[in-house]
Amino acid sequence: MQATYKARVLSSKYRTMRQRIMIFQSYCRGFIARKEYNQRLASIIKIQSGMRMVLAQRQASELRVEVCMYQRNY
């Protein structure tokens, strides 16, 4: 009888411990996934910012050429 009782108690403790471990693992996986997402997003923003800078510089140099050409005609 004592053996049965101890087995049930241990089984109950095991189930609760396993459930807590699963919850902890899900929190950890979520944390890691959010961290990777934020790092990717920051990288994407840096790439887009760099490309916008290059395009803006090209557009500015083209406008300078147009202004010079316009001023020479008058």
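Here, "buried" means under 20% relative accessible area, "exposed" means over 50%, and "partly exposed" covers what falls in between. Keep that in mind for the views below of this predicted model.

**View 1. Cysteine 68 sits in helix H1.** With a relative accessible area of 39%, cysteine 68 lands between the two cut-offs, so it counts as partly exposed. Now look for tyrosine 5, which is 63 residues from cysteine 68 along the chain. The C-alpha atoms of this pair are 95 Å apart.

**View 2. Leucine 41 is another residue to find in helix H1.** That helix runs over residues 2-73. Is leucine 41 buried, exposed or partly exposed? Its relative accessibility is 35%, so leucine 41 goes down as partly exposed.

**View 3. Tyr37, Leu41 and Ile45 make up a nonpolar surface patch.** Leucine 41 from the previous view turns up again here, as a member of this trio. Taken together, Tyr37, Leu41 and Ile45 have about 300 Å² of accessible area.

**View 4. Stepping back, the protein has one helix and zero strands.** Its C-alpha trace spans about 110 × 10 × 5 Å along the principal axes. The radius of gyration is 32 Å, whereas a compact globule of 74 residues would come in near 11 Å.

**View 5. Last up is the surface, where the protein exposes about 7,700 Å².** Carbon and sulfur atoms supply 61% of that area. And how many of the 74 residues count as buried? Just 1% of them do.

Terms used: Residues numbered from 1 in each chain as written. Predicted model: local features only at pLDDT ≥ 70, side-chain atom pairs only at ≥ 80, totals over all residues. Heavy atoms only, no water. Helix = DSSP H or I, 4+ residues; strand = E, 2+ residues; numbered from the N terminus. Rg over C-alpha atoms; globule rule 2.2 N^0.38 Å. Buried < 20%, exposed > 50% of the residue type's maximum accessible area, 1.4 Å probe, protein only. Areas by Shrake-Rupley, 256 points an atom, 1.4 Å probe, with all protein chains shown as cover. Patch = residues over 30% accessible without salt bridge, like charges linked within 9 Å, V, L, I, M, F, W, Y side chains within 5 Å. Salt bridge = Lys/Arg side-chain N within 4 Å of Asp/Glu carboxyl O.
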